[in-house]
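Open the model in your viewer and keep the selection panel within reach. We will walk from stop to stop, and at each one you will be told what to select and what to look for.

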Amino acid sequence: MRSALRYLFLVSLAVVLAAVGSGVATATMIGQTPGPTVTAVFPANGQRVGIAQPVTVTFAAPVADRAGAERSLRVAAGSPLAGTLTWLGDNQVRWTPTGVLPANSPISVQFGQLRTEFQTNQGVYAEGNMSTHRFVVSIGGQVVRDMPASFGKPGWESPSGTFPVLEKFRNVVFDSRTIGIPLDSPEGYIIDGEWAERLTWGGVFVHSAPWSVDSQGYANVSHGCVNLAPEDAAWFYNTVGIGDPVELHW
């Protein structure tokens with residue numbers, strides 16, 4: 001009996017040490033459930049993010065029993081939260097909330113023996129209306145800024161949908177080749193941009209666009225991005241966080 005208990009203790013210690021080596025040292029071990037080894041959870045333990053942030057779990061090796069792994073994953077704010085699961089590869093699964101996460105709340109992520117917890121912010125929500133050419137930001141359900149904007153022009157329309165902010169850049173280079181436009185095309189460009197937030201990996205950003213200020217509020221002239229005046233773009237950059245939702249619609 002003592003040998004069995006000592007074996008279980010050593011197994012638990014080994015799992016803890018593996019978690020420390022993987023960059024999730026502040027996670028908590030909560031049980032003895034077997035399963036694939038987790039090497040990373042994003043958002044990280046203790047991180048503060050927006051209310052549309054998905055949860056991504058990365059495993060040490062390809063997961064053969066995906067259904068079993070999905071059953072082992074629990075995202076909760078006290079009680080379990082509704083969401084959908086998408087596999088991004090053989091060793092990575094993403095949980096996306098149905099709707100948005102509760103604001104100003106701790107969100108726990110549990111997978112087998114591993115438990116982490118991140119925090120949501122006060123609920124920053126941006127809405128871009130491509131018909132009225134306005135970009136409206138609310139915090140905690142209250143409108144705090146209504147800005148003129150320009151969206152994608154015909155043939156380069158901005159996508160409709162709700163997109164969590166993926167990355168933020170104080171300075172960024174926009175190169176038309178990254179969205180399939182050669183530099184020698186009449187539509188080609190290389191631009192030094194500022195105050196930018198990435199909405200899609202396909203190249204849609206919210207950013208400062210001093211060159212389109214005269215069109216903002218009146219016409220859509222971009223190649224798919226949300227164009228704001230420099231002052232408005234700087235304010236949004238300093239207000240929005242990773243995981244905050246941006247809804248674009250007609």
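Patches, as used on this tour, are made of residues with over 30% relative accessible area and no salt bridge, where like charges are joined within 9 Å and nonpolar side chains (Val, Leu, Ile, Met, Phe, Trp, Tyr) within 5 Å. Accessible areas come from the Shrake-Rupley method with a 1.4 Å probe, and for residues only the protein chains shown count as cover. A salt bridge is a side-chain nitrogen of Lys or Arg within 4 Å of a carboxyl oxygen of Asp or Glu.

Please keep in mind that this is a predicted model, in which local features need pLDDT of at least 70 and side-chain atom pairs count only at pLDDT 80 or more, while totals for chains, interfaces and linings use all residues. Residues are numbered from 1 along each chain as its sequence is written, and side-chain values use heavy atoms, with hydrogens and water left out.

**Stop 1: colour by confidence**

Colour the chain by pLDDT, the predictor's confidence in each residue, from 0 to 100. The chain averages 89, and 86% of the residues score at least 70. Now select residues 1–26: here the pLDDT is below 50, and beyond near neighbours in sequence the stretch has 13 contacts in the model (a contact means heavy atoms within 4.5 Å).

**Stop 2: a nonpolar patch**

Select Val 173, Leu 183 and Ile 190 and switch on the surface. Together they form a nonpolar patch with about 260 Å² of accessible area. Val 173 belongs to strand 15, residues 167–175; strands (E, at least two residues) and helices (H or I, at least four) are DSSP runs, numbered from the N terminus. Val 173 counts as exposed because its relative accessibility is 53%; the cut-offs are under 20% relative accessible area for buried, over 50% for exposed, and partly exposed in between (1.4 Å probe, protein chains only).

**Stop 3: from strand 15 to strand 16**

Which residue forms a salt bridge with Glu 167? Select Arg 198: the closest N and O atoms of this pair are 2.7 Å apart. Arg 198 lies in strand 16 and Glu 167 in strand 15, so the salt bridge ties together parts that are 31 residues apart in sequence. Arg 198 is buried, at 15% relative accessible area, whereas Glu 167 is partly exposed, at 26%.

Stay in strand 16, residues 190–198, and select Trp 195. Trp 195 is not a glycine, yet it has a positive phi of about 50 degrees. Most residues other than glycine have a negative phi, and most peptide bonds are trans. With 16% relative accessibility, Trp 195 counts as buried.

**Stop 4: strand 11 and its partners**

Show strand 11 and strand 12 as a cartoon: they pair in the antiparallel sense over 6 bridges (two strands pair if DSSP finds at least two bridges between them). Look for Val 124, which stands opposite Ile 139 in strand 12. The hairpin has 4 residues between the strands, and His 133 takes a positive phi near 60 degrees there. Is His 133 buried or exposed? At 12% relative accessibility, His 133 counts as buried.

Next, add strand 19, residues 245–249, which runs parallel to strand 11 and is joined to it by 4 bridges. Here Gly 128 stands opposite Leu 248.

**Stop 5: a cis peptide bond**

Zoom in on Phe 42 and Pro 43, where the peptide bond is cis, with omega near 5 degrees. Pro 43 sits in the loop between strand 2 (38–42) and strand 3 (48–49).

From here, select Val 41 and Gln 110: their C-alpha atoms are 9.9 Å apart in space, with the two positions 69 residues apart in sequence. Gln 110 lies in strand 9, residues 106–111, and is partly exposed at 26% relative accessibility.

**Stop 6: further salt bridges**

How many salt bridges does a search of the whole structure find? The search finds 8. Among them, Arg 66 and Asp 90 meet at 3.1 Å, N to O. This pair links distant parts of the chain, 24 residues apart: Arg 66 is in helix 2 (residues 66–72), and Asp 90 is in the loop between strand 7 (83–89) and strand 8 (92–97). Arg 66 is partly exposed at 32%, and Asp 90 is partly exposed at 47%.

Finish with Arg 115 and Glu 117, whose salt bridge has its closest N and O atoms 3.4 Å apart. Arg 115 counts as partly exposed at 30% relative accessibility, and Glu 117 is partly exposed at 32%.
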